[in-house]
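Thanks for asking me to look this one over. Here are my notes, written with the bench in mind.

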Amino acid sequence: MTEQPPAKRTRLTIPASDIASFGVKTALTLDVVSPFQASYVLEDPGTEGVKVKLTLPATAPGLSKLDVQLANVRGLGLYIPQFFQSLKSIESGYRLTDATARVERVGENCLWTETPKDTQYPYQADCMYSASPTSPAFLCTFSSQNRNLARAALETCQSLTMR
């Protein structure tokens, strides 16, 4: 097996004006891990405010066309969740829906979940942040059937800082 080169990281800054609903007064900065692109699309999911979505290029080395298509439908998303207000509630949700799910805390703000029964999206990365105790928590999330792609999303979400 050949050694994989280290993933390329590209800094991406999202201005506070694009994500006013997140309660942030400063920009968000992410180190986007390849194969994700260091650009984003703003979507309006309705009452939840703006959703920031990162996608993949049309072809990415080591990924099937299906992996890319599925990843780009949902994208790596940043948004204010309607139901889950804390990482603990997300963790409980996984454990309730699937007793076989392996949920692991990664640092202070993130969860890595492997759900073998889920054939479409068995790998999930979730990181939750809040600009202040009074502002809503927002989620950086991605799920995939490709473990390496989901790990790249986890690394991207983990790098999030407010500047």
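The points below cover the sheets, the helix that packs on them, and the disulfides.

1. A word on the basis first. This is a predicted model, in which local features need pLDDT of at least 70, side-chain atom pairs count only at pLDDT 80 or more, and totals for chains, interfaces and linings use all residues. Residues are numbered from 1 along each chain as its sequence is written, and side-chain values use heavy atoms, with hydrogens and water left out.

2. Start with the sheet of 7 strands. This sheet is open, runs in the order β3-β4-β5-β9-β8-β7-β6, and has antiparallel pairing. Strands here are DSSP runs of E with at least two residues, helices are runs of H or I with at least four, and both are numbered from the N terminus; two strands pair if DSSP finds at least two bridges between them. At the edges stand β3 and β6 (102-106), each pairing on one side only. From one strand to the next, the twist averages 20 degrees.

3. Strand β4 (residues 51-54) deserves a closer look. On one side, β4 is joined by 3 bridges to the antiparallel strand β3 (residues 41-43), where E43 has K51 as its bridge partner. Another 3 bridges join β4 to strand β5 (residues 76-79), again antiparallel. Here L54 is partnered by L76, and V52 stands opposite L78.

4. Are the faces of β4 covered or open? Both are covered: K51 and K53 on one side, and V52 and L54 on the other, are all buried (buried means under 20% relative accessible area, exposed over 50%, and partly exposed in between, with a 1.4 Å probe and protein chains only). As background, side chains in a regular strand alternate between the two faces of the sheet.

5. Next comes the open sheet of 3 strands, with the order β1-β2-β10 and antiparallel pairing. β1 (9-14) and β10 (161-162) are the edge strands with a single partner each, so one side of each has no neighbour in the sheet. β1 pairs with strand β2 (residues 28-33) over 6 antiparallel bridges, and I14 stands opposite L28 in β2.

6. Helix α3 is worth following by eye. On the sheet of 3 strands, α3 touches β1 and β2, and its direction makes about 155 degrees with that of β2. On the sheet of 7 strands, α3 touches β4, β5, β6, β7, β8 and β9, at about 10 degrees to the direction of β8. Contact means heavy atoms within 4.5 Å; axes are lines fitted to C-alpha atoms, for helices over the stretch in contact, and angles run from 0 to 180 degrees between N-to-C directions.

7. How many disulfides does the whole structure hold? The search finds 2, a disulfide being a pair of cysteine sulfur atoms within 2.5 Å. With the bonded cysteines numbered in sequence order, the pairing is 1-2, 3-4.

8. In one disulfide, the sulfur atoms of C110 and C127 are 2.0 Å apart. The pair links strand β7 (residues 110-114) to strand β8 (residues 123-130), 17 residues apart. The S-S torsion is about 110 degrees, so this disulfide is right-handed. C110 is buried at 2% relative accessibility, and C127 is buried at 0%.

9. C140 and C157 form a disulfide too, with sulfur atoms 2.0 Å apart. C140 lies in strand β9 (residues 137-144) and C157 in helix α3 (residues 147-158), so the pair ties together parts 17 residues apart in sequence. Its torsion is about -75 degrees, so this disulfide is left-handed. C140 counts as buried at 0% relative accessibility, and C157 is buried at 0%.
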